[in-house]
Amino acid sequence: MSDNFTRWREAEEKRLAATYAKFPVALARGEGMRVFDVDGKAYLDFYGGHAVAIIGHCHPHLVASLGRQIGELIFYSNLCYLPVRAEAAEKLLGLLYPEMTRLFFVNSGAEANETALKIARRRSGRERVVAMQGSFHGRTIATLSVTGTAKYRDAFSPTIASATDFVPFGDMAAVEALDPARAAAVILEPVQSMAGAVTADGEYFRALRAYTRRHGIALIFDEIQTGLGRTGLPFAGMHWGVAPDIVTMAKGVGGGIPVAACALTEEFAAGIKVGDHGTTFGGGPVACAAVKATVEVIEREGLVERARAMGARLGARLREVPGLADLRGMGLLLGFAMPRPARDIQQAMLAKGVLVGVSVDPRIVRLLPPLTVGEDDIEVLVRALKEIAQ
Ligand SMILES: Cc1ncc(COP(=O)(O)O)c(C=O)c1O
């Protein structure tokens, strides 16, 4: 540990609430796939800045767009029309399921999910929500109430989980065993990332879609990690031909600027009236400039297709690492086990200058690199993993 690092660690630890187990790294800047610490050491970012840096760190188009926007107007709320908001919405809707025609901009993933649950309850007049065991939907009281991972939820009980029915992810019979007349929504992540990149098959999602439609239940996809191309298609349900009623997005949607959104079908949007919901900062000009620029980069650089190609390559190369097992996930959201606990692997990789994620499953290492990841980056990662595996 350098003196420089120690100084910044102590400065932060003295002043901030101690809620995070941090990497022993103090960062000064980022560029593409790499971040650089206060001593100038580079790290290859296969954790993608917490699944946020989908277009890489400090993409020049995003930086230029933000610079322009900040010089023109930093903020005005939804009480005024903003050309940049309309442009961002048009761009983002262009990537979304064709069934989605309206957006509500918010500031974080949890807020997007809260918005989705509120809309579903309001529309149906029903109170119960079906959620998945192993899920993660945020840290607010309402989103913890539909988060099926006890580690995050239990210390804060009672939540409003008395209105939630948790069922095993991928188990249609468990959903069908509930009383559909009481359910306002089914909420789920198409790939449970925090649980360790756990997926379910297309048949399950199609059955869920048919069931929720039949019973007037809102189907909410939390695509906060899977959206914007990470799985190799713009949104994950597209792999199975399943469009939900509401999609929530956050993480990379602004390329690193805090912004999130709830996308709605026309039918669901029609139920919302003036005054039903609001947020001061949601849809502000800087956030919207970030969304617009991020989607432009995704389109111009073909990043959805790239995620598909690089995801396939990454998967194939990982399979060659001795001892690597249980590879799962989609596109550039992958998980795998090694013969040592994931936290050990994470530390060993950090020492080699590669950032990787862990998950709730102590065996599973998680990779969520920028969609700009290159073949060379994959080779660096795989070489480091092979060295560790020896
Ligand atoms: C799938 C999923 N949903 C919701 C959230 C909550 O998002 P935020 O931390 O922006 O509130 C996260 C954050 O990790 C997430 O991964």
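Two residues are in contact here when their heavy atoms lie within 4.5 Å. By that criterion, and leaving aside neighbours within four places in sequence, Gly48 touches Ala53, Leu368, Pro369 and Pro370. The model is predicted, and the values below are computed from it.

## Overall form

The protein chain contains 14 helices and 16 strands. Its C-alpha atoms fill a box of roughly 55 × 50 × 45 Å along the principal axes. The radius of gyration is 21 Å, which agrees with the value near 21 Å that a compact globule of 390 residues would have. Of the 390 residues, 55% are buried.

Contacts between residues at least 6 apart in sequence were also examined; 72% of these join residues at least 24 apart. The accessible surface of the protein chain is about 17,100 Å², and carbon and sulfur atoms account for 54% of that area. The chain carries 44 positive and 42 negative side chains, and the centres of the two sets lie 2 Å apart.

## Strand pairing

Strands of a sheet pair through backbone hydrogen bonds, in either the parallel or the antiparallel sense. One open sheet in the model has four strands in the order β1-β2-β3-β15, with mixed pairing. Its edge strands are β1 (27-31) and β15 (354-355), each of which pairs on one side only.

Strand β1 runs antiparallel to β2, and four bridges join them. Within this pair, Arg29 stands opposite Phe36 of β2. The two strands form a hairpin with two residues between them, and Gly32 in the turn has a positive phi of about 60°. On to the next pair: β2 (residues 34-37) and β3 (residues 42-45) are antiparallel over three bridges. Here Val35 has Tyr43 of β3 as its bridge partner.

Parallel pairing is found around strand β7. Three bridges join β7 to β5 (residues 128-132), and the two run parallel. Four bridges join β7 to β10 (residues 218-222), again in the parallel sense. Ala185 of β7 takes part in the register of both pairs: Val129 stands opposite Ala185, and Ala185 stands opposite Ala218 in β10.

The pairs described above are set out here.

| Strand pair | Sense | Bridges | Facing residues |
|---|---|---|---|
| β1 and β2 | antiparallel | four | Arg29 and Phe36 |
| β2 and β3 | antiparallel | three | Val35 and Tyr43 |
| β5 and β7 | parallel | three | Val129 and Ala185 |
| β7 and β10 | parallel | four | Ala185 and Ala218 |

Strand β7 spans residues 183-188, and six of its six residues are buried, so the strand is largely enclosed by the rest of the structure.

## Individual residues

Gly48, whose contacts opened this report, is found in helix α2 (residues 48-51). A residue is buried when its relative accessible area is under 20%. The value for Gly48 is 0%, so this glycine is buried. The C-alpha atoms of Gly48 and Ile246 are separated by 26 Å, and the two residues are 198 apart along the chain.

Thr248 is placed in strand β11 (residues 246-249). It counts as buried because its relative accessibility is 0%. Setting aside neighbours within four places in sequence, Thr248 is in contact with Ala112, Asn113, Ala116, Phe221, Asp222, Glu223, Ile224, Ala261 and Cys262. Among these partners are Phe221 and Asp222, whose numbers fall within β10 (residues 218-222).

Pro60 lies in helix α3 (residues 60-72). The threshold for an exposed residue is over 50% relative accessible area. Pro60 has 60% and is therefore exposed. Its C-alpha atom is separated by 9.9 Å from that of Ala293, a residue 233 places away along the chain.

## Positive phi outside glycine

Cys58 has a positive phi of about 50° although it is not a glycine. Cys58 belongs to the loop between α2 and α3.

Ala197 is likewise not a glycine, and its phi is positive at about 60°. This alanine lies in the loop between β8 (191-192) and β9 (198-199). With 0% relative accessibility, Ala197 counts as buried.

Conventions
Residues are numbered from 1 along each chain as its sequence is written. This is a predicted model: local features need pLDDT of at least 70, side-chain atom pairs count only at pLDDT 80 or more; totals for chains, interfaces and linings use all residues. Side-chain values use heavy atoms; hydrogens and water are left out. Two strands pair if DSSP finds at least two bridges between them. The radius of gyration is taken over C-alpha atoms; the globule rule is 2.2 Å times the number of residues to the power 0.38. Buried means under 20% relative accessible area, exposed over 50%, partly exposed in between (1.4 Å probe, protein chains only). Accessible areas come from the Shrake-Rupley method with a 1.4 Å probe; for residues, only the protein chains shown count as cover. Lys and Arg count as positive and Asp and Glu as negative; His and the chain ends are not counted. The place of a charge is taken as NZ of Lys, CZ of Arg, CG of Asp or CD of Glu.
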